[in-house]
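Got the model loaded in your viewer? Let's walk through it stop by stop, with something to select at each one.

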Amino acid sequence: MTSPRSRVFVTRRIFPEAEDLISDAAEMEVWPDESPPSPEMLREKIAGVDGVLTNIMDRVDAGLLQAAGRLKVVSQLGVGVDNVDVAEATQRGVLVGNTPGVLAKATADIGFALLMSAARRVGESERWLRGGNWRIQYHPMFWLGQDIHGSTLGIIGMGQIGLEMARRARGFDMRVLYYSRTRKPDVEAELSTEFVGLDRLLAESDFVSLHVPLTPETRHFIGEQELRQMKPSAILINVARGAVVDQTALYSALKDGLIRAAGIDVTDPEPIPTGDPLLTLDNLVVTPHIGSASMDARRETCLLAARNLVAGIEGRRLDACANPQIYNALGI
Ligand code: NAP
């Protein structure tokens, strides 16, 4: 007699090839709606499965993990796992997968797009043009922006996406400073980046770009004090998580000219409410969390999350795991 197949729940539709990979290995239920399942529904669904494939909209907290009797793996579609209580999962022997690497280049592309757009006022001037304001053909003093080449980029968090930002900056003849938890001699050798303290990075950078995960230590990492340390001509880029920046302080800094502009792909909360005062500012470029949303990056991300899910239910090591310290206890 064959043993019963594992059961999994996938909280949103994903690329068909990734769904196929999962359904070959398990009984799969996919949440069909564009909106996420409610917390109650997610709890109900997770209660009876061996694995779940989640994304940043799904809160996997301690209560939900406690109610999940046979859960072996939470496979997160994304590199950040701030929506998952990883400590509780670890204590319960539940593997947490994530998807680093495959989306780093695509996310850095958006980081650079925001940087260029904020510096050269792309969004602002396009809104002006579409608003029917372009009446004088050309004026030498119109729409002056900030040079990107020759400027200084300060990267906070030199991980996979930070590294890709540094690589792009090199092509633009930028000087690159970085601050991270750990010094990276290999990155310094490859890209002539300079490891500096946070104070110096904030004071010297023309662009400050955030690439740390959201953790208790990095929540509101950039607040009023840090914004005051930046040059009045500086531009802040955030493609990490909205809550890494104190958004109220950012609004005041942009409005009062403490810094020149900001380009953000992430907000706190998401979606940003339509009445949020940030949206009234012309010196803000904002996109709806599209960092990793290129076709190829998203396909690879879905496939990696699917492989992690299948490995977890089959009792194998994951391709990428946020709590590998439990492998020994699980005997894998
Ligand atoms: P990663 O490779 O893990 O890099 C994160 C870096 O931040 C690491 O270098 C890390 O430490 C450093 N760091 C962590 N805590 C720190 C602290 N308190 N102070 C200073 N540095 C600290 O992750 P990644 O792939 O680059 O992704 C970074 C984040 O981007 C993710 O966690 C996610 O939230 C966000 N993200 C957003 C999008 C989007 O669509 N906008 C897409 C993907 C990811 P070390 O210096 O010790 O290495």
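## First stop: two residues with positive phi

Select Trp143: its relative accessible area is 28%, so it counts as partly exposed, since that label covers values between the 20% and 50% cut-offs. Keep in mind throughout that this is a predicted model. Trp143 sits in the loop between helix 6 (122–130) and strand 6 (152–156). Look at the backbone here: Trp143 isn't a glycine, yet its phi is positive, about 55°.

Now jump to Ser192, in the loop between helix 8 (185–191) and strand 8 (194–195). Ser192 is another non-glycine with a positive phi, again about 55°. Is Ser192 buried or exposed? Its relative accessibility is 59%, so Ser192 counts as exposed, the cut-off for that label being over 50%.

## Zoom out: the whole chain

Switch to cartoon view and colour by secondary structure. You should find 13 helices and twelve strands in the chain. The radius of gyration is 22 Å, close to the 20 Å from the globule rule for 332 residues, so the chain is as compact as a globular protein of that length. Turn it around and follow the C-alpha trace, which spans about 80 × 50 × 30 Å along its principal axes.

Want to know how the chain packs against itself? Among contacts with a separation of 6 or more, 61% are between residues 24 or more positions apart. Of the 332 residues, 50% are buried.

Next, turn on the surface. Its accessible area is about 16300 Å², and carbon and sulfur atoms account for 52% of that. Colour by charge and you'll have 35 positive and 43 negative charges to look at, with mean positions 2 Å apart.

## Into the nonpolar cores

Hide the surface and show side chains for Ile156, Ile222, Leu227, Leu236 and Leu250. These are the residues with the most contacts inside the largest nonpolar core, which has 31 residues. Helix 9 (198–204), strand 9 (207–210), helix 11 and strand 11 (261–264) each supply at least two of its residues. Which element gives the most to this core? Helix 11 does, with four residues.

Stay on Leu227 and select its surroundings. Not counting neighbours within four places in sequence, Leu227 is in contact with Ile222, Leu236, Ala249, Leu250, Ala253, Leu258 and Ile259. Apart from this core there is another one, of 28 residues; to find it, select some of its members, among them Ile148, Ala166, Phe207 and Ile237.

## Along helix 11 to Lys255

Back to helix 11, which runs over residues 247–256 and holds Lys255. What is the relative accessible area of Lys255? It comes to 51%, so Lys255 is exposed, as that label needs over 50%. Try a distance label from Lys255 to Phe15: the two are 240 residues apart along the chain, and their C-alpha atoms are separated by 41 Å.

## Strand 10 and a buried asparagine

Select Asn238, which is in strand 10 (residues 235–238). With a relative accessible area of 2%, Asn238 is buried. Show what surrounds Asn238: leaving out residues up to four places away in sequence, it touches Leu210, Val245, Gly263, Ile264, Asp265 and Val266. Put a distance label on one of these partners: Asp265 is 27 residues from Asn238 along the chain, and the C-alpha atoms of the pair are separated by 6.3 Å.

## Two cis prolines in one loop

Now go to the loop between strand 11 and strand 12 (284–286), where Pro269 lies. Which way is the peptide bond from Asp268 to Pro269, cis or trans? It is cis, with omega near 5°. Pro271 is found in the loop between strand 11 and strand 12 as well. Glu270 and Pro271 are joined by a cis peptide bond too, with omega about -5°.

## Last stop: Asp50

Finish at Asp50, in the loop between helix 2 (39–47) and strand 3 (51–54). Its relative accessibility is 8%, so Asp50 counts as buried, the limit for that being under 20%. What is Asp50 in contact with, once neighbours within four places in sequence are set aside? Select Ser6, Arg7, Arg70, Leu71, Lys72, Val73 and Ile313, and you have its contacts on screen.

Terms used:
Residues are numbered from 1 along each chain as its sequence is written. This is a predicted model: local features need pLDDT of at least 70, side-chain atom pairs count only at pLDDT 80 or more; totals for chains, interfaces and linings use all residues. Side-chain values use heavy atoms; hydrogens and water are left out. The radius of gyration is taken over C-alpha atoms; the globule rule is 2.2 Å times the number of residues to the power 0.38. Buried means under 20% relative accessible area, exposed over 50%, partly exposed in between (1.4 Å probe, protein chains only). Contact means heavy atoms within 4.5 Å. Accessible areas come from the Shrake-Rupley method with a 1.4 Å probe; for residues, only the protein chains shown count as cover. Lys and Arg count as positive and Asp and Glu as negative; His and the chain ends are not counted. The place of a charge is taken as NZ of Lys, CZ of Arg, CG of Asp or CD of Glu. A nonpolar core is a set of buried Ala, Val, Leu, Ile, Met, Phe, Trp, Tyr and Cys residues joined through side-chain atoms within 4.5 Å.
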